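Student: Please take me closely through one part of this model, the surroundings of the ligand, and then connect that part to what lies about it. I would like the terms explained with their cut-offs as they come up.

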Amino acid sequence: MIKKNISVIGAGTMGNGIAHVFAQHGFTVTLIDINQTQLDKALVTIAKNLDRQVAKGSITEDNKQKTLTNLCTQKSIELGVANAELVVEAATENIDLKLSIFKQLDTFAPANAILASNTSSISITKIASVTKRPSQVIGMHFMNPVPVMKLVEIINGYATSNTVTTTITELSKQLQKVPCVVNDYPGFIANRILMPMINEAIFSLYEGIAGVEAIDTIMKLGMAHPMGPLQLADFIGLDVCLSILKVLHDGFGNPKYAPCPLLVNMVTAGMLGVKSGEGFYTYL
Ligand code: CAA
């Protein structure tokens with residue numbers, strides 16, 4: 001059972017959301033990033049999102065203050081994970097970076113600590129293989145925005161032990177999330193199903209069958225999705241969508257996962273969605 005100390009690696013959108021949720025549920029969280037500006041920005045974002053929750057009445061001002069007290073930041077992985085019972089890695093979706101981080105986590109985190117990755121598509125088995133504790137490595141895939149979305153997709157690597165899966169399942173429930181356990185194959189479940197839908201929406205646009213607004217409105221009003229697939233792609237990041245589709249395409253060797261040429265072109269042109277200010281929509 002995880003009692004208290006959680007370390008989160010990476011202070012980007014997912015990392016700050018994950019740190020927020022653990023701190024809100026009484027865990028002591030060390031948020032780690034090599035970039036101090038990013039750490040400062042993450043704390044401001046967390047405070048802003050807590051204000052939103054206070055304004056909606058889902059938490060009290062006292063809960064907000066306690067959550068902020070539960071958070072601290074750290075630039076060094078070595079110092080930041082020294083007392084961790086669980087480390088959740090939410091660094092950029094780059095395999096070499098993740099492998100290098102997990103080697104460091106294996107060296108510096110306590111021997112009994114569980115090492116989790118929030119990866120959306122990189123193999124947990126591969127990540128675990130660079131550590132000396134593959135049975136204690138697991139996927140803990142949160143959805144964006146983390147404080148709002150209920151799902152945690154839990155991914156068992158080839159060697160993940162049943163005890164570790166049970167611990168992470170129970171922990172996710174403590175965060176008032178709904179855990180779903182899946183096995184480690186390309187895209188797991190969430191992105192294996194989501195990305196072909198997004199890719200098909202982009203193909204529909206590319207082939208001139210309908211415009212951006214029509215495609216998104218059809219899926220929003222016709223299927224009761226909160227966002228249309230093109231808006232969701234902008235929100236996730238078009239570069240992230242492309243890289244997940246490549247993992248599916250390479251992993252299964254099936255042409256049905258080939259990324260749409262329009263997606264490839266947009267990413268090459270630097271149109272990455274919300275984060276770059278332009279994707280299928282323009283963001284000011
Ligand atoms: N922190 C805290 N609260 C937040 C928040 C945040 N970051 N963002 C939104 N909220 C809260 C709001 O306060 C509001 O609360 P109430 O329901 O209590 O009123 C609620 O969330 C809805 O927010 P808004 O009214 O501002 O906006 P909205 O109704 O348009 O909802 C949304 C925003 C929740 C993002 C909704 O559009 C949505 O569900 N979109 C789809 C999200 C999705 O599919 N995420 C998964 C992406 S895939 C992924 O993450 C994994 C991957 O591997 C690619």
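**The ligand shell and the sheet**

Tutor: Around the ligand there are 18 residues, of which N49, S120, N144, P145 and P226 come nearest; a residue is taken as near a molecule or strand if its C-beta atom, placed from the backbone, lies within 6 Å of it. Two or more residues of this shell come from each of α2 (36-56), α8 (190-206) and α10 (229-236), where helices (H or I, at least four residues) and strands (E, at least two) are DSSP runs numbered from the N terminus. This is a predicted model, in which local features need pLDDT of at least 70 and side-chain atom pairs count only at pLDDT 80 or more, while totals for chains, interfaces and linings use all residues. Residues are numbered from 1 along each chain as its sequence is written.

The largest share of the shell, four residues, is given by α2. By character, the shell residues divide into ten nonpolar, six polar and two charged; Ala, Val, Leu, Ile, Met, Phe, Trp, Tyr, Cys and Pro count as nonpolar, Asp, Glu, Lys and Arg as charged, and the others, Gly among them, as polar. The protein chain is divided into domain 1 (5-183) and domain 2 (191-276), with bounds that come from an automatic or database domain assignment. Both domain 1 and domain 2 give residues to the shell, so the ligand lies between them. Taken over C-alpha atoms, the centres of the two domains are separated by 27 Å.

Two of the shell residues named above, N144 and P145, are joined by a cis peptide bond with omega about -5°. P145 is placed in the loop between β6 (137-142) and β7 (151-156), and following these two strands leads into the sheet.

That sheet is open and has eight strands in the order β3-β2-β1-β4-β5-β6-β7-β8, with mixed pairing; two strands pair if DSSP finds at least two bridges between them. Its edge strands, each pairing on one side only, are β3 (71-74) and β8 (178-183). Direction ignored, neighbouring strands of the sheet are turned by 25° against each other on average, the axes being lines fitted to C-alpha atoms, for helices over the stretch in contact, with angles that run from 0 to 180 degrees between N-to-C directions.

The pairing can be followed strand by strand. Strand β4 (residues 86-89) and strand β5 (residues 114-117) pair in the parallel sense over four bridges; V88 stands opposite A116 in β5, and the bridge partner of V87 in β5 is L115. From β5, I114 and A116 point one way and L115 and S117 the other way, and all are buried, a residue being buried if 20 or more other C-beta atoms lie within 10 Å of its own, exposed if 12 or fewer, and partly exposed in between, with C-beta atoms placed from the backbone.

Strand β6 holds M140, which counts as buried because it has 25 C-beta neighbours inside 10 Å. Leaving aside neighbours within four places in sequence, M140 is in contact with V88, A116, N118, V152, I154 and I168, contact meaning that the C-beta atoms of two residues, placed from the backbone, lie within 7 Å. M140 and I168 are 28 residues apart in sequence, yet 7.8 Å apart in space, C-alpha to C-alpha.

Strands β6 and β7 pair in the antiparallel sense over five bridges, and the partner of I138 in β7 is N156. On to the edge strand, β7 and β8 pair in the parallel sense over six bridges, where N156 stands opposite N183 in β8. Five of the six residues of β7 are buried, so this strand is largely enclosed by the rest of the structure.

Two loops that adjoin β8 deserve a remark on their backbone. Q176, in the loop between α7 (162-174) and β8, has a phi near 60°, a positive value in a residue other than glycine, and counts as exposed because it has 10 C-beta neighbours inside 10 Å. F188, in the loop between β8 and α8, also has a positive phi, near 50°, and is a residue other than glycine, but F188 is buried, with 23 other C-beta atoms within 10 Å.
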